[in-house]
Amino acid sequence: MRELFDEVAGQSPLDPEEAVRRATRTPQRKRFYTSAGIAAADGGFAVTLDGKPIRTPSGRQVVVPTSDIADAIAAEWSAQEETIDPLTMPLTRFANSVVQGVVDRVDAVADDVAMYLGTDLLFYRAGHPAALVAREAAHWDPFLYWAANELGAHFILVEGIVHVAQPEPAIRAARAAFPDDPWSVAALHVVTTLTGSALLALALFHGVRSADEIWAAAHVDEDWNIEKWGIDDEVAARSAARKVDFTAAVTILKALKP
């Protein structure tokens, strides 16, 4: 059982691409339990396998903040058949990572997200062709307007990829709008690393746009290239795997802020 939890928790949603690589190298384990459920626990809800709460590799009991999240994690365990496939358990991976790697270092994880505000995807714009310039503006400008008008964070846009230092007051203003609970911060981190944009993650947290709109905004350039050149199977598989972790983070945020 410890090997299984090493396998599941080792695929941290804080590094989803490494998670996918590890999963493809790790043999699947046989299902060792009859049923999965949830139970009240100190500070929230525990997910149980045959009545025993699941724990991280370090021995910490996995306690989640809402029954909805606990039910969703239990459903992942219930859905496993003869073997357990961690790739089909994004919420379990997320929960293990929060309990083991975020709860005791919330500020550090939030600061890591804030670092993206210095090089956010939305700040670096194409100079041509005109159609791509217009598409980036249509998808990205609303988030910049929101940050300026609602957060008081005024960022600098640049054409091309040459780094431009962003104003510290803008970064501080956006950082002040971050959540402070470990589960929301972890979700913010996942969305940021998957999209390359802390602003998109922050806008998702504050309900500025839907999850589908956030995902589309994060892939403007990629989708443009696909339209022009097509997509191969490896790229499609990588994108699908990233979308799984993105959806898990969205599920967490929705459960915390219905």
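Okay, let's start with a hairpin: strands E3 and E4 (residues 52–53) pair in the antiparallel sense, over two bridges. Strands here are DSSP E runs of at least two residues, helices are H or I runs of at least four, and both are numbered from the N terminus. Two strands count as paired if DSSP finds at least two bridges between them.

Before I go on, some housekeeping. This is a predicted model, so local features need pLDDT of at least 70 and side-chain atom pairs count only at pLDDT 80 or more, while totals for chains, interfaces and linings use all residues. Residues are numbered from 1 along each chain as its sequence is written, and side-chain values use heavy atoms, with hydrogens and water left out.

Back to the E3–E4 hairpin. Two residues sit between the strands, and aspartate 50 in the turn has a positive phi of about 55°. For the register, look at threonine 48, whose bridge partner in E4 is proline 53.

Now, what else does E3 pair with? There's strand E2 (residues 36–41), which runs antiparallel to E3 and is joined to it by six bridges. Alanine 41 has glycine 44 in E3 as its bridge partner. That's a hairpin too, with two residues between the strands, and glycine 43 takes a positive phi near 95°. Then there's strand E5 (residues 63–64), again antiparallel to E3, with two bridges. Here alanine 46 is bridged to valine 63 in E5.

So is E3 buried or exposed? Five of the six residues of E3 (residues 44–49) are buried, so the strand is largely enclosed by the rest of the structure. By buried I mean under 20% relative accessible area; exposed is over 50% and partly exposed is in between, using a 1.4 Å probe and protein chains only.

On to the helices, and H9 in particular. H9 is mostly covered, with eight of its eight residues buried. Those are Ala198, Leu199, Leu200, Ala201, Leu202, Ala203, Leu204 and Phe205. What do they pack against? The partners are helix H5 (106–115), H6, helix H7 (168–175), H8, helix H10 (211–218) and helix H12 (233–256). Contact, by the way, means heavy atoms within 4.5 Å.

Take the H6 pairing. Helix H6 (residues 130–151) and helix H9 (residues 198–205) pack at an angle of about 65°, with their axes 10 Å apart. On the H6 side you've got Phe143, Leu144, Trp146, Ala147 and Leu151, meeting Leu199, Leu200, Leu202 and Ala203 in H9.

Just before H9, have a look at serine 197, in the loop between helix H8 (182–195) and H9. Serine 197 is buried, with a relative accessible area of 0%. Leaving aside neighbours within four places in sequence, serine 197 is in contact with Asp120, Leu121, Leu122 and Thr192.

Two more residues and I'm done. Tryptophan 183, again ignoring neighbours within four places in sequence, is in contact with a list of residues including Val63, Val64, Phe94, Ile252 and Leu256. And arginine 93, found in helix H4 (residues 90–101), is buried, with a relative accessible area of 3%. The C-alpha atoms of arginine 93 and threonine 56 are separated by 10.0 Å, although the two residues are 37 residues apart along the chain.

Methods
Axes are lines fitted to C-alpha atoms, for helices over the stretch in contact, and angles run from 0 to 180 degrees between N-to-C directions.
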